Amino acid sequence: MTQESLKADIKALLKERKAVLLAHNYMRDEVQEIADITGDSLALSIEAAKTDAEVIVFCGVHFMAESASILAPEKTVLLPRLDAGCPMADMVSVEALKEMKAKLPGVPVVTYVNSSAAVKAESDICCTSANAVKVVQSMSEKEIIFAPDRNLGSYIARFTDKKFHLWEGYCPTHERLRPEVVKELKAANPDAPFVCHPECNPKVVELADHVCSTTGMYDYCKKSSAKRFIIGTEAGILWRLKRENPDKEFILASPALICPNMKLTSLEDVFEALQQMKPVVKVPEEIRIPAKRALDRMLAIPRD
C-alpha cells in the first residue's frame with residue numbers, strides 16, 4: 001500500500017467512524033499532513049473538549065489522550081500507539097506528589113499538562129507552556145509546588161515573586177540541547193534569531209531571542225521580518241514552519257532534538273487504530289472528575 005492510498009483509506013475510515021484526527025506539533029510530517037487539527041497540548045485539549053465527533057484519534061503521547069478522555073468522557077479516544085509515553089510525565093508519581101504536599105501543607109500544586117491523569121487529579125490547577133505564566137500569576141498564594149518540569153518552572157519564576165518548590169523532572173529531548181552548541185550556531189548565524197521552548201535548560205533559555213510554546217513559535221516566525229531562525233524545540237515543528245513560511249529558513253538547533261515517543265506513531269498505526277477501534281484510552285471517573293477540575297481551571301485562563 002502506497003502512502004497516498006493509506007492516507008485515502010484513513011480519511012475514509014475517519015468519515016465512517018465519525019472521527020476526528022488530532023496531531024501534536026511534534027508528530028511525523030505525514031501524520032500532521034492528514035490531521036484534521038494540529039496543535040500544542042492546550043490547543044488539542046480545547047479541540048478535544050468541543051469537537052462533535054464521536055471518536056477522537058489522538059496522535060500524540062499517552063497523557064494527551066488521557067486529557068481528551070478527561071474533557072470528553074462521552075467520546076471514544078484512540079491512541080494509535082499505546083506505548084507512546086512521556087518520560088517527563090513518568091518522573092512524577094501520585095505517591096511522591098502526596099509526600100511533597102504533606103511536607104508543604106496548604107501550598108497549591110500547579111502541574112504541567114505533561115503528566116498523568118492521576119497526577120492531575122492530585123493538583124489544584126494545570127498549565128501548559130503557552131499559559132504557564134498567566135496561570136501562576138492568576139494565583140493568590142505566595143508559594144506553589146510546580147511539577148514535573150523544573151526547567152519550565154524556572155522560566156515561569158522569572159515573571160513572578162512567588163516561591164517555587166520545583167519538582168526535579170525534565171524533558172530528556174529538550175535537555176539534550178546544550179548552551180555551547182547554541183552559542184556556536186548563533187555566532188555562525190548572527191542574522192537568525194534563536195527561538196526556544198521553555199522546557200530547555202535555563203542556560204539555553206538565557207541565550208534565546210524569544211521563548212515560547214510551539215504555537216508561539218509559529219506566530220513569532222510568521223510575523224518576524226527575519227528570514228532565518230534557529231529553532232530550539234523538537235524537530236516535528238519544522239514541517240509546519242516550512243509550510244507556512246516557504247520564503248524563510250529554519251535551522252534545527254541540534255539533531256538530538258527528536259523525541260522517540262512522538263515519532264512512534266505512523267500512518268499504519270493510525271489506520272489500524274481506526275480499523276480495529278483500539279487501543280482505547282479511558283480515564284476512570286474517580287480520577288477524571290478531580291483531574292477535570294484542574295484542567296477546567298487552566299482552560300478558564302487566556303493563553304498567549
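**A pocket, some ring pairs and a few strands**

The largest pocket holds about 340 Å³ of space. The model it belongs to is a predicted one, and every value here is computed from it. In general, such empty space is found by rolling a probe the size of a water molecule over the atoms. What surrounds this pocket? A lining of 32 residues does, and those that lie nearest the centre are Tyr-26, Asn-114, Cys-171, Glu-199 and Met-262. Four helices, α3 (41-50), α4 (62-71), α5 (87-90) and α10 (172-175), each give two or more residues to the lining. The largest share comes from α10, which supplies three residues. Sorted by type, the lining residues come out as 16 nonpolar, 12 polar and four charged.

Next come the aromatic rings. The structure has four aromatic pairs. Two numbers do the describing for any such pair: how far apart the ring centres are, and the angle between the ring planes. For Phe-146 and Phe-164, the centres are 6.3 Å apart and the planes make an angle of 45°, which puts the pair in the tilted class. Why tilted? An angle of 45° is neither under 30 degrees, as stacked rings need, nor over 60, as edge-to-face rings need, so tilted is the class that remains. The two partners come from distant parts of the chain. Phe-146 belongs to strand β7 (residues 143-147) and Phe-164 to strand β8 (residues 163-166), with their positions 18 residues apart in the numbering. Are these two residues buried or exposed? Phe-146 has a relative accessible area of 0% and is buried. Phe-164, at 16%, counts as buried too, because the cut-off for buried is under 20%.

A second pair, Tyr-220 and Phe-229, also has its ring centres 6.3 Å apart. Here the planes stand at 75°, so the pair is edge-to-face. Phe-229 is buried, at 0% relative accessible area, while Tyr-220 comes out at 23% and counts as partly exposed. Ring pairs also bring in Phe-250, so that Tyr-220, Phe-229 and Phe-250 are linked into a cluster. Another ring has a charged neighbour: Arg-240 lies over the face of Tyr-218, at 3.9 Å from the ring centre.

The strands fill in more of the picture. Four of them make an open sheet in the order β10-β9-β11-β12, and their pairing is parallel. Which strands sit at the edges? Those are β10 (210-211) and β12 (249-252), each of which pairs on one side only. Strand β9 (residues 194-196) runs parallel to β10, and two bridges join them. Across this pairing, Cys-196 stands opposite Val-211 in β10.

Elsewhere, strand β5 (residues 109-112) has partners of its own. Three bridges join β5 to β7, and the two run parallel. Within that pairing, Val-110 stands opposite Phe-146, the residue with 0% relative accessible area in the tilted ring pair. Strand β6 (residues 125-127) is also parallel to β5 and is joined to it by three bridges, with Tyr-112 opposite Cys-127. Which way do the side chains of β5 point? Val-109 and Thr-111 point one way, and Val-110 and Tyr-112 point the other way. Whichever way they point, these four residues are all buried.

Methods. Residues are numbered from 1 along each chain as its sequence is written. This is a predicted model: local features need pLDDT of at least 70, side-chain atom pairs count only at pLDDT 80 or more; totals for chains, interfaces and linings use all residues. Side-chain values use heavy atoms; hydrogens and water are left out. On a 1 Å grid over the protein atoms alone, a cavity is a set of points where a 1.4 Å probe fits but cannot get out, and a pocket is an open set with protein on both sides within 12 Å along at least five of seven lines; lining residues have an atom within 4 Å of a point. Grid points are joined across faces, edges and corners, and a volume is the space filled by probe spheres set on the points. Ala, Val, Leu, Ile, Met, Phe, Trp, Tyr, Cys and Pro count as nonpolar, Asp, Glu, Lys and Arg as charged, and the others, Gly among them, as polar. Rings of Phe, Tyr and Trp (its six-membered ring) pair if their centres lie within 6.5 Å; planes under 30 degrees apart count as stacked, over 60 as edge-to-face and the rest as tilted. Buried means under 20% relative accessible area, exposed over 50%, partly exposed in between (1.4 Å probe, protein chains only). A charge sits over a ring if NZ of Lys or CZ of Arg is within 6 Å of the ring centre and within 35 degrees of the ring normal. Two strands pair if DSSP finds at least two bridges between them.
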